[in-house]
Amino acid sequence: MSKNFKKNLLFSSPFFEFENVNLASKLHQHINTLNIDGIESNVANQVKHNLSESKFDFFNSEVDVIKETRTFLASCLKDILNNLYNTDDDYKIAFTDSWYHIGTKNSSHDLHAHINCSWCGIFYIQSGELDKGGHTFFCNPIFSNFLDIGTVHHNDTEHIVIPKNGKLVFFPSYLKHFQSIYEGNEQRVVVAFNCSILEKY
Ligand SMILES: [Fe+2]
């Protein structure tokens, strides 16, 4: 005999994907004019392998391509918030940290989450050799210490993003993620950033 019940699906995680190949190309040209040596941010060096990282102020520049990047990313996040909240508001968005990575052969980035922000993004500038790994793995924040048929509904352990030139993903800051080992010879270039929402208009 069927029973009446109420079904609630709790704690889903929003994850948004955009694409801007043209802007990625322009950012790549800009990054090529800069020089970095090792992990200049000096943040969590122990979880980063065979990659260089800029300081965390990459967007603090009035160079045209950076201004365009800030404007584009802020408009994406505005679209995300309006989609989630079913509104049509404007938002003042701060990029609290912003940086770029240049990964070389056998580069990887161990499991981590970003702090001091609500939303984070990864913009894949140059994906490098696509069949050489280096995918970004986002881990399921719902963790179960027991698995049987009753846990099948949440057994997805990760969401895998395959880098592609111009691909841009936004995710909530609590989502832990890592980059698997990238074995290509061509450089893998990624821009990443953290956002906080200062105001709603
Ligand atoms: Fe990250």
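At 38% relative accessibility, Ile142 counts as partly exposed, because its value lies between the 20% limit for buried residues and the 50% limit for exposed ones. In this predicted model, Ile142 belongs to the loop that connects strand 5 (136-139) with strand 6 (158-161). Together with Leu10 and Phe11, Ile142 makes a nonpolar surface patch of about 350 Å².

The wider setting of this loop may be described next. The protein has 2 helices and 9 strands, and along the sequence these elements follow the pattern β-α-β-α-β-β-β-β-β-β-β. Taken along the principal axes, the C-alpha atoms fill a box of roughly 70 × 45 × 30 Å. The protein has 201 residues, of which 44% count as buried. Its exposed area is about 11700 Å², and carbon and sulfur atoms supply 51% of that area. Where contacts join residues at least 6 apart in sequence, 82% of them join residues at least 24 apart.

Strand 5, on one side of the loop that holds Ile142, offers a view of the interior. In a regular strand the side chains alternate between the two faces of the sheet. In strand 5, Thr136 and Phe138 point one way, while Phe137 and Cys139 point the other way. These four residues are all buried. Strand 5 is joined to strand 6 by 4 bridges, and the two run antiparallel; within this pairing, Phe137 stands opposite Ile160 of strand 6. Strand 5 is also joined to strand 8, by 3 bridges and again in antiparallel fashion. Here the bridge partner of Phe138 is His177 of strand 8.

His177 leads directly to the metal site. Which residues coordinate the iron ion? The donors are the NE2 atoms of His112, His114 and His177, at 2.1 Å. In sequence these donor residues are spaced H-x1-H-x62-H. His112 lies in strand 3 (residues 91-112) and His177 in strand 8 (residues 177-182), so the pair ties together parts that are 65 residues apart in sequence. Are these two histidines buried or exposed? His112 counts as buried because its relative accessibility is 16%, and His177 counts as buried because its value is 3%. Both assignments follow because buried means under 20% relative accessible area. Thus His177 takes part in the pairing of strand 8 with strand 5 as the partner of Phe138, and it is also a donor to the iron ion.

Another histidine, His28, is found in helix 1 (residues 21-32). His28 is buried, because its relative accessible area is 15%. Leaving aside residues up to four places away in sequence, His28 touches Ile125, Gln126 and Val189.

Charged side chains supply further links. Side chains of opposite charge can pair when their charged atoms come close. The count for this protein comes to 6 salt bridges. One of them joins the side chains of Glu17 and Lys167, with an N to O distance of 3.9 Å. Glu17 lies in strand 1 (residues 16-19) and Lys167 in strand 7 (residues 167-172), so this pair ties together parts that are 150 residues apart in sequence. The two partners fall into separate accessibility classes: Glu17 is partly exposed because its relative accessibility is 48%, whereas Lys167 is buried because its value is 14%.

A further salt bridge involves helix 1, the helix that also contains His28. In it, the side chains of Lys26 and Glu68 meet at 2.8 Å, N to O. This pair links distant parts of the chain, with Lys26 in helix 1 and Glu68 in helix 2 (residues 64-85), 42 residues apart. Lys26 is partly exposed, with a relative accessible area of 31%, and Glu68 is partly exposed, with 33%.

Helix 2 also contributes Lys78 to a salt bridge with Asp90. The closest N and O atoms of these residues are 3.8 Å apart. Asp90 lies in the loop between helix 2 and strand 3, 12 residues away from Lys78. Asp90 counts as partly exposed at 35% relative accessibility, and Lys78 is partly exposed with a relative accessible area of 26%.

Conventions. Residues numbered from 1 in each chain as written. Predicted model: local features only at pLDDT ≥ 70, side-chain atom pairs only at ≥ 80, totals over all residues. Heavy atoms only, no water. Patch = residues over 30% accessible without salt bridge, like charges linked within 9 Å, V, L, I, M, F, W, Y side chains within 5 Å. Areas by Shrake-Rupley, 256 points an atom, 1.4 Å probe, with all protein chains shown as cover. Salt bridge = Lys/Arg side-chain N within 4 Å of Asp/Glu carboxyl O. Buried < 20%, exposed > 50% of the residue type's maximum accessible area, 1.4 Å probe, protein only. Donors = N, O, S within 2.8 Å, 3.2 Å for Na, K, Ca; no water. Contact = heavy atoms within 4.5 Å. Pairing = 2+ DSSP bridges.
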